[in-house]
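This report goes through a model of two protein chains, taking up the strands of each chain, the contact between them and the annotations on record. The sequence and structure come first.

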Amino acid sequence: MSNQPKFDAGEAGKFFFRAGHTGWLGLEYVAHGQNWVELKLPWREDLIGEPDRHVLASGPIVSLMDMASGMSIWQTTGVFTPVATLDLRVDYQRPAREKSAVWGRVECYRTTRSAAFVRGIAHDGDEADPVAHVAGVFMQVSYDPKKRLEAQAESAKTEGRDDD
Amino acid sequence: MTEGSSLELTAYARSLGIEVEREEDGLPVLAVDFGRNVEGRPGHFHGGATAGLLETAGYAALRTRLLAEGREPQLKPINITVQYLSAGRQKRTFALARITRLGRRNANLTVEAWQDDRTRPIASAVMNILMA
């Protein structure tokens with residue numbers, strides 16, 4: 001893990017958004033700081049969530065915020081290790097403006113050995129007037145207490161043999 | 001799409017590949033096949049795609065119930081909380097909502113998504129939807 005270069009959201013975005021769900025959505029990297037990442041979900045006709053209004057569905061916004069959450073965690077820890085979303089909450093303040101892209105800015109405000117906590121906003125151009133607020137909890141998959149115990153047992157066995 | 005049903009999925013839902021699989025107790029069971037457009041971690045559903053399916057199932061159920069009651073309000077999301085219970089694998093995934101409470105202005109729903117085993121959902125959601 002120490003050989004791995006420090007996670008850089010800008011570089012990682014080039015790789016992440018080439019394929020899969022985030023590639024299909026056309027997510028774009030915008031900016032990052034020490035513990036936050038901002039991504040952009042460009043406007044697209046076939047992501048509309050209502051028949052009569054040109055407003056993005058909220059599904060793609062959840063995807064945007066989920067991805068920005070994961071990247072904010074890696075940006076904070078500096079390491080790209082698997083994380084699993086446990087719980088993600090989105091509070092919608094208002095619909096995004098018609099035919100507008102949506103930006104998702106998420107900060108990782110706390111990490112423990114096993115969990116990471118994030119909060120952020122989705123906005124359509126003005127950070128001071130968000131479309132939605134989000135809060136989430138992620139599990140650090142690499143931290144597995146069972147594997148740690150197994151490793152301890154394994155090293156204990158080895159030590160035992162050495163004692164013979 | 002069930003014949004005679006007036007339910008129409010959104011452009012987003014159709015684009016993602018979400019379909020109405022069948023109806024249960026008058027509410028739609030939605031389904032989406034695994035494919036590149038829903039893939040996150042290689043070989044697994046992206047959490048956002050799963051959330052999109054849950055949310056679409058919530059709206060579809062509420063819309064269906066409202067139409068049955070002769071109501072057709074505009075639906076506005078207030079919030080959604082998604083709990084991820086296990087990884088979504090390379091399989092067709094289903095979702096069905098339960099309308100916990102239907103008032104005049106607000107509806108409370110719970111939604112579950114599952115793959116092979118209905119009793120072991122891969123994700124669940126709680127939604128509040130405003131009806132204007």
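## Strand pairing in chain B

In this predicted model, strand β2(B) pairs with strand β4 (residues 93–102) of chain B in the antiparallel sense, over 3 bridges; within that pairing, Leu30(B) has Ala95(B) in β4(B) as its bridge partner. Strand β4(B) also pairs with strand β5 (residues 106–114) of chain B, again in the antiparallel sense and over 8 bridges, and here the bridge partner of Arg98(B) is Thr110(B) in β5(B). The connection from β4(B) to β5(B) is a hairpin that passes through 3 residues.

The loop between β1 (18–24) and β2 (27–32) of chain B holds Asp25(B), a residue other than glycine whose phi is nevertheless positive, near 50°.

## Strand pairing in chain A

In chain A, strand β1 (residues 28–32) and strand β2 (residues 36–41) form an antiparallel pair over 4 bridges, in which Ala31(A) has Glu38(A) of β2(A) as its bridge partner, and a hairpin of 3 residues joins β1(A) to β2(A). Strand β2(A) is in turn joined to β4(A) by 6 bridges, the two strands running antiparallel, with Leu41(A) standing opposite Val102(A) in β4(A).

Lys99(A) is located in the loop between β3 and β4 (102–111) of chain A, and although Lys99(A) is not a glycine, its phi is positive, at about 55°.

## The contact between the chains

The contact draws 30 residues from chain A and 26 residues from chain B, and the area buried between the two chains is about 2200 Å², with carbon and sulfur atoms giving 53% of that area. Of the area that chain A buries against chain B, 25% is supplied by His21(A), Trp24(A) and Tyr92(A), which is more than any other three residues supply. Across this interface the rule finds 0 salt bridges, whereas 15 residue pairs are found in polar contact, with both residues at pLDDT 80 or more.

Which elements of chain A supply at least two residues each to the side that touches chain B? They are α2 (20–25), α3 (58–77) and β3 (83–92), and β3(A) gives the most, with 8 residues. Sorted by class, the side of chain A that touches chain B has 12 nonpolar, 8 polar and 10 charged residues.

## A strand pair across the interface

Strand pairing also links the two chains, for β3(A) and strand β3 (residues 75–84) of chain B pair in the antiparallel sense over 5 bridges. Within this pairing, Val90(A) has Ile80(B) in β3(B) as its bridge partner. Strand β3(A) is thus both a partner in this pairing between chains and the element that gives the most to the side of chain A that touches chain B.

## Annotations on record

For chain A, UniProt places the feature "domain: Thioesterase" at residues 60–128, in an unreviewed entry. Over these residues the chain is 26% helix and 42% strand, and the end C-alpha atoms are 21 Å apart.

For chain B, the UniProt annotation "domain: Thioesterase", also from an unreviewed entry, covers residues 43–120. This span of chain B is 28% helix and 37% strand, and its end C-alpha atoms lie 19 Å apart.

Terms used
Residues are numbered from 1 along each chain as its sequence is written. Chains are lettered from A and ligands numbered from 1 in the order in which they are written. This is a predicted model: local features need pLDDT of at least 70, side-chain atom pairs count only at pLDDT 80 or more; totals for chains, interfaces and linings use all residues. Side-chain values use heavy atoms; hydrogens and water are left out. Contact means heavy atoms within 4.5 Å. Buried area is the accessible area (1.4 Å probe) that two parts lose on being put together, summed over both. A salt bridge is a side-chain nitrogen of Lys or Arg within 4 Å of a carboxyl oxygen of Asp or Glu. A polar contact is a pair of N or O atoms within 3.5 Å; within protein, one must be able to donate a hydrogen and the other to accept it, and residues adjacent in sequence count only if both atoms are side-chain atoms. Ala, Val, Leu, Ile, Met, Phe, Trp, Tyr, Cys and Pro count as nonpolar, Asp, Glu, Lys and Arg as charged, and the others, Gly among them, as polar. Two strands pair if DSSP finds at least two bridges between them. UniProt positions are given in the numbering used here, feature names are shortened, and annotations may be inferred rather than shown by experiment.
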